[in-house]
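Q: Please take a close look at the cavities with me. I would like to know what lines them and what surrounds those linings.

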Amino acid sequence: MEESGGLLGSSEETFSVGDDGGMGEDDTDQSATPRHQRSCSHTFKTLVTIFSEYRGVLYGILSSCSIGLQYVTAKAITGTVPGHQIFAVRNVPLLLCVFFLSWGDSQSYSSVDMVCYLAYGFLNSTSVYLTYVALAYGHAGNVAALITNLPIPATLLAMCFLGESVTLFMYVMLVINSCGIILLSKPPFLFPNSDEGEKLIPLEASGEEGQDFIGSLIAIVGLALFAASTIFSRKLSYREHVDPMLLSTASGFLGTTIIVVISLAGGTWVAPTPGEWLLCVMVGCLSASANLFLVSGLKYEKVSLITVLMTLASPVAFLVELVAFDEVPDWISLLALFMMLGSSFGSLWR
């Protein structure tokens with residue numbers, strides 16, 4: 001984890017404690033400056049200090065909120081707009097990040113760094129595309145809970161590729177987490193009546209509730225790709241060559257490549273209404289902000305902490321669905337969410 005002492009140091013250089021316990025640059029300045037101005041200045045500098053120390057955590061929380069809102073927004077239009085078309089609009093804001101690149105720093109990157117950037121872009125964009133496909137089959141809250149269930153898979157991948165240690169406690173959390181995934185997925189052989197009479201076709205085609213199990217399987221594949229992408233981002237952070245803008249650009253570029261392949265393979269396109277266009281643009285902006293917050297958080301904190309914070313996207317999605325669409329999750333989904341969140345936050349105790 002990188003040190004954030006630059007801002008910490010600058011906030012403590014010129015201050016001393018006055019006779020009245022207040023903070024001031026010296027006695028003359030303290031008497032000449034109104035008390036409320038000194039208080040505001042002290043509060044501001046305190047906030048700067050807190051942000052410097054916990055900015056990685058803040059980025060992680062912002063990323064999870066953006067992801068939860070993104071999934072609910074995408075879910076609202078999956079019935080009329082194909083997933084790959086939503087995905088195409090999502091790539092536009094990420095491609096615009098190319099105008100904010102630090103070209104001077106990029107020239108010093110090695111071939112290994114560029115491979116990591118491209119690998120992150122491919123894995124991240126493919127994961128997002130599969131997420132939009134999964135939303136056509138299941139509820140946004142369920143998909144969000146699965147796709148952001150990163151702590152356990154990311155920790156295991158970090159153990160394999162980054163040499164991070166894994167304790168017996170983590171394996172216990174893995175078992176609990178896996179049970180939560182099974183409950184949330186509702187496989188037909190365990191829940192034979194949950195999808196009775198439903199067809200294995202997307203929601204937009206059936207017009208009915210659809211089968212969450214199919215969407216869950218797609219989301220689990222997306223989860224594996226998402227977890228793998230965080231390893232490459234963290235690897236770049238270890239090498240001190242991580243650039244959030246370049247990571248976002250790589251995701252947008254590889255995502256556009258995927259869209260070209262889908263189009264050549266015969267993917268259908270529709271003409272969205274103005275309202276649907278607005279929602280597509282919102283999805284793109286939320287996806288870009290979530291990606292930037294994610295890679296910025298990984299720059300300052302460990303993979304284990306950031307991935308745990310990202311699981312907060314599922315409660316956000318469930319709450320927004322409840323308020324906006326009056327969709328109440330069943331008790332099995334709530335139990336599964338509790339097990340997944342509990343094991344994810346429990347992983348921090350390792």
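A: Here is a walk through the cavities, followed by the parts around them.

The model is predicted, so please keep its thresholds in mind: local features need pLDDT of at least 70, side-chain atom pairs count only at pLDDT 80 or more, and totals for chains, interfaces and linings use all residues. Residues are numbered from 1 along each chain as its sequence is written, and side-chain values use heavy atoms, with hydrogens and water left out.

The structure holds 2 cavities of 30 Å³ or more. A cavity here is a set of points, on a 1 Å grid over the protein atoms alone, where a 1.4 Å probe fits but cannot get out, and lining residues have an atom within 4 Å of a point.

Let us start with the largest cavity, which encloses about 130 Å³ of space (the volume filled by probe spheres set on the points). Its lining is built from 13 residues, and those nearest the centre are I67, Q70, N124, V128 and F226. Three helices, α3 (35-75), α6 (111-135) and α13 (274-300), each give at least two residues to this lining. Helices are DSSP runs (H or I, at least four residues), numbered from the N terminus. In chemical terms the wall of the largest cavity is mixed: 6 nonpolar residues, 6 polar and 1 charged. The charged class is Asp, Glu, Lys and Arg, while Gly counts as polar.

V128 is a good residue to pause on. It sits in helix α6 and, at 13% relative accessibility, is buried (under 20% is buried, over 50% exposed, and partly exposed in between, with a 1.4 Å probe and protein chains only). V128 is also brought together with a distant part of the chain: G222 is 94 residues away in sequence, yet the two C-alpha atoms are 7.1 Å apart in space. Elsewhere in helix α6 you will find V112, which is partly exposed at 41% relative accessibility. For V112 and L236, a separation of 124 residues in sequence goes with 9.3 Å in space, C-alpha to C-alpha.

Now for the second largest cavity, with a volume of about 40 Å³. Its lining consists of A145, T148, N149, T311, S314, L337, M340, L341 and S344. Helix α16 (residues 331-346) makes the largest contribution to this lining, with 4 residues. By class, 4 of the lining residues are nonpolar and 5 polar, with no charged residue among them.

Helix α16 leads us on to a charged pair. D330, in the loop between α15 (313-325) and α16, joins K186 in a salt bridge with an N to O distance of 3.6 Å. K186 belongs to the loop between α9 and α10, so this pair ties together parts that are 144 residues apart in sequence. The structure has 1 salt bridge by this count, where the rule asks for a side-chain nitrogen of Lys or Arg within 4 Å of a carboxyl oxygen of Asp or Glu. The two partners have unlike surroundings: K186 is buried at 8% relative accessibility, whereas D330 is partly exposed at 33%. K186 has a backbone feature to look at too, a positive phi near 50° in a residue other than glycine.

Terms used:
On a 1 Å grid over the protein atoms alone, a cavity is a set of points where a 1.4 Å probe fits but cannot get out, and a pocket is an open set with protein on both sides within 12 Å along at least five of seven lines; lining residues have an atom within 4 Å of a point.
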